[in-house]
Amino acid sequence: MKAENLARKGILKIESYIPGKSIEEVQKEFGAKRWIKLASNENLLGPSPKAIAAIRKELPTIYLYPEGPCTVLRKALAERFAISEGMVVISNGADNLILMIANAFVDEEDEVVMADPTFPVYTNVTQIMGGKPIKVKLKDFTHDLDTMLKKVNRKTKLVFICNPNNPTGTTVSLESFNYFLSHLPKHVIVVLDEAYGDFVEDAFYPNGLDYIREKRQIIVLRTFSKVYGLAGLRIGYALGKEDLVNCLYQVRDPFPVHRLAQVAAVAALNDEDHAVKSIQLVYEGKRYLYKELDRMGLLYVPSQANFIFIDFEKDSGEIFQALLREGIIIRPGKIWGYSTFARVTIGRMEDNRRFIKALKKVLFQ
Ligand SMILES: Cc1ncc(COP(=O)(O)O)c(C=O)c1O
């Protein structure tokens, strides 16, 4: 019998997630260059040297299974955030936690409300579970929480709020978020994805931790892939009140995080200097890029994250191709329905300067 007849209903219709192009991938087509990847919002400063040292030290023990619940890291996170260890669950990337959330809470025919565009994994996991993604267009590039609230009904199980939003870099205001929460029925869980939360400059940003401490019906997602520069190791975590987190443990793999990721994450968490340096670099790069984009007369969405959504006012797929020839990888916006836009990661100053130089060549020469 054909596998497609054996697969669960709807599984084969799910659109697969298209990641940013990797350096290995583009090298095959364009050859070896001094590549800069500005396509997946990694930390171009790299990992903390303390994380690398911790990995080296751990290497001889990799013949042993890792410690399943990631006790050391869980304790460190709970202490840092002044919450109980039972409110923390760690897994192999926020991506995996998003799947775990769907696995734990989304039944067939349940509705899951989310923005459009936003991080596409929310749609994928909802569909895997046989749920229905309910997409609400952004308003001024930001979550339209009023309309999202109107879409909530008896069938709604989850609402995903990506804050800052990927790909636009915008945040919801404290006031609109509080209004939204106070009007939400009790059967709905809010998932606040704060993958880029460390980069937010807005003082009136609704920090998920405040709501977690109040034991609201919210799950906050965070990751070591962005500010901590450990994307290749795959490690992230979710925070929430104990009963929500317990449900996530029910669907958690026994050993989802390997030994090297666990020790690197603990070391990275304790390297405050590296994290601060990484954030400051993003702020400095953002100011520089805004200034240069203004000079070129290009419009962009002011960002609270480590990337900028830029409007090139022409097919960004062509600009993407032209920049590849210059050794630079960006993320064209067609997949999000914005074909003249692209999302560009803020890198180190030398990366940002190279991007601007190449962009000027591509646009004006
Ligand atoms: C908004 C958002 N959430 C979650 C993730 C996944 O993070 P992780 O690398 O921890 O799986 C990403 C990755 O780019 C993201 O942009």
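Two strands count as paired here if DSSP finds at least two bridges between them. Keep that in mind as we walk through this predicted model, because the pairing rule is what decides which strands sit side by side in the sheet.

Let's start with a spot where you can see pairing up close. Phenylalanine 160 stands opposite valine 191, a residue of strand 6. Strand 6 covers residues 189-193, and 5 bridges tie it to strand 5, residues 156-162. These two strands run parallel. In general, strands of a sheet pair through backbone hydrogen bonds, and they can do so either parallel or antiparallel.

Now zoom out to the sheet itself. It's an open sheet of 7 strands, and if you read across it, the order is 2-8-7-6-5-3-4. The pairing is mixed. Which strands sit at the edges? They are strand 2 (88-91) and strand 4 (132-137), each of which pairs on one side only. As you step across, the twist averages 20° from one strand to the next.

Some helices lie against this sheet. Helix 4, made of residues 71-81, lies across strand 2 and strand 8 (236-239), and runs at about 135° to strand 2. Helix 10 (residues 242-250) packs on the sheet too, touching strand 2, strand 6, strand 7 (218-223) and strand 8. The direction of helix 10 makes about 30° with that of strand 2.

There's a ligand to look for as well. It is surrounded by 13 residues, and the closest are Gly93, Asp95, Thr223, Ser225 and Gly236. Sorted by class, the shell around the ligand comes to 5 nonpolar, 6 polar and 2 charged residues.

Next, try finding a pair of helices that pack on each other. Helix 3 (residues 49-58) meets helix 11 (residues 259-270) at an angle of about 150°, and their axes are 8 Å apart. The crossing is right-handed. On the helix 3 side, the contact is made by Lys50, Ala51, Ala54, Ile55 and Glu58. Helix 11 brings several residues, among them Leu260, Val263, Ala264 and Ala267. By class, this contact has 9 nonpolar, 1 polar and 3 charged residues.

A few loops have backbone quirks worth a stop. The peptide bond from aspartate 116 to proline 117 is cis, with omega near 0°. You'll find proline 117 in the loop between strand 3 (111-116) and helix 6 (121-128). Asparagine 163 and proline 164 are also joined by a cis peptide bond, with omega near 0°, and proline 164 lies in the loop between strand 5 and helix 8 (174-182). Then there's aspartate 140, which has a positive phi of about 50° although it is not a glycine. Look for aspartate 140 in the loop between strand 4 and helix 7 (145-151).

Finally, step back to the whole chain. It is divided into domain 1, which takes 3-46 + 273-364, and domain 2, which takes 49-270. Their C-alpha centres lie 23 Å apart. Where the domains touch, domain 1 puts in 27 residues and domain 2 puts in 25 residues. On the domain 1 side, helix 12 (272-296) and strand 10 (307-311) each supply at least two residues. Helix 12 gives the most to that side, with 5 residues. By class, the side of domain 1 that touches domain 2 has 14 nonpolar, 10 polar and 3 charged residues.

Methods. Residues numbered from 1 in each chain as written. Predicted model: local features only at pLDDT ≥ 70, side-chain atom pairs only at ≥ 80, totals over all residues. Domains from an automatic or database assignment. Contact = placed C-beta atoms within 7 Å. Helix = DSSP H or I, 4+ residues; strand = E, 2+ residues; numbered from the N terminus. Nonpolar A, V, L, I, M, F, W, Y, C, P; charged D, E, K, R; others polar. Axes fitted to C-alpha atoms, helices over the stretch in contact; angles between N-to-C directions. Near = placed C-beta within 6 Å. Left-handed = near helix turned anticlockwise from the far one by under 90°.
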